[in-house]
Amino acid sequence: MFICEVCGKVFADDDCPTCPDRGNGKGVTVERIKNNLRSCGTMGDVNTTAMHYRHHVQALDLAGGKFRTEAIIIRNLAAYMRWKILNPVRE
Ligand SMILES: [Zn+2]
């Protein structure tokens, strides 16, 4: 699933099937957004990442259906990462 930064649309494919050069690499996959959130180690990282992708996630949300489901998952993941940072596992 891909959010194209050229046309602003979302696609089930992992690149843009409508823009020249398939979006010319300008855009991001849902998987990359999730992986970037998962790799956050501080509250600042989570906030910066969530802020950086806020328009991408909004595009997913507005597209509805399975795209909206992914927007919800990404927002839940950001909330989970914040919780995880605030509640570190004690060894
Ligand atoms: Zn496009």
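Is Thr-29 buried or exposed? Thr-29 is buried, because its relative accessible area is 19% and buried means under 20%. The model is predicted, and that applies to every value below.

**Around Thr-29**

Thr-29 sits in strand 3, which covers residues 27-29. Leave aside its neighbours within four places in sequence. Thr-29 is then in contact with Met-1, Phe-2 and Asp-14.

**Two helix pairs**

Helix 4 takes part in two packings. Its partners are helix 2 and helix 3. The table sets out both pairs.

| Pair | Axis distance | Angle | Residues of the contact |
|---|---|---|---|
| Helix 2 (residues 43-52) and helix 4 (residues 65-86) | within 9 Å | roughly 170° | seven nonpolar, one polar, one charged |
| Helix 3 (residues 54-63) and helix 4 | 6 Å | about 140° | seven nonpolar, two polar, three charged |

Take helix 2 and helix 4. Their axes cross at roughly 170°. Angles over 145 degrees count as roughly antiparallel. Helix 2 and helix 4 are therefore roughly antiparallel to each other. From helix 2, the contact uses Met-43, Val-46, Asn-47 and Ala-50. From helix 4, it uses Ala-78, Met-81, Arg-82, Ile-85 and Leu-86.

Now take helix 3 and helix 4. They pack at an angle of about 140°. That makes helix 3 oblique to helix 4. The crossing of this pair is left-handed. Helix 3 brings Val-57, Gln-58, Leu-60, Asp-61, Leu-62 and Ala-63 to the contact. Helix 4 answers with Gly-65, Phe-67, Arg-68, Ala-71, Ile-74 and Arg-75.

**The nonpolar cores**

The largest nonpolar core has 19 residues. Within it, the residues with the most contacts are Ile-3, Ile-33, Leu-37, Leu-60 and Ile-74. Which elements give two or more residues to this core? They are helix 1 (30-38), helix 3 and helix 4. Helix 4 supplies the largest share, six residues.

Two of these core residues also appear in the contact of helix 3 with helix 4. Leu-60 is on the helix 3 side, and Ile-74 is on the helix 4 side.

Ile-33 is another of the core residues with the most contacts. Again, leave aside neighbours within four places in sequence. Ile-33 is then in contact with Ile-3, Val-28, Tyr-53, His-56 and Ile-74.

Another core lies apart from the largest one. It has five residues, among them Cys-4, Phe-11, Cys-16 and Cys-19.

Methods. Residues numbered from 1 in each chain as written. Predicted model: local features only at pLDDT ≥ 70, side-chain atom pairs only at ≥ 80, totals over all residues. Heavy atoms only, no water. Axes fitted to C-alpha atoms, helices over the stretch in contact; angles between N-to-C directions. Helix = DSSP H or I, 4+ residues; strand = E, 2+ residues; numbered from the N terminus. Parallel < 35°, antiparallel > 145°, perpendicular 65-115°, else oblique. Contact = heavy atoms within 4.5 Å. Nonpolar A, V, L, I, M, F, W, Y, C, P; charged D, E, K, R; others polar. Left-handed = near helix turned anticlockwise from the far one by under 90°. Core = buried A, V, L, I, M, F, W, Y, C linked by side-chain atoms within 4.5 Å. Buried < 20%, exposed > 50% of the residue type's maximum accessible area, 1.4 Å probe, protein only.
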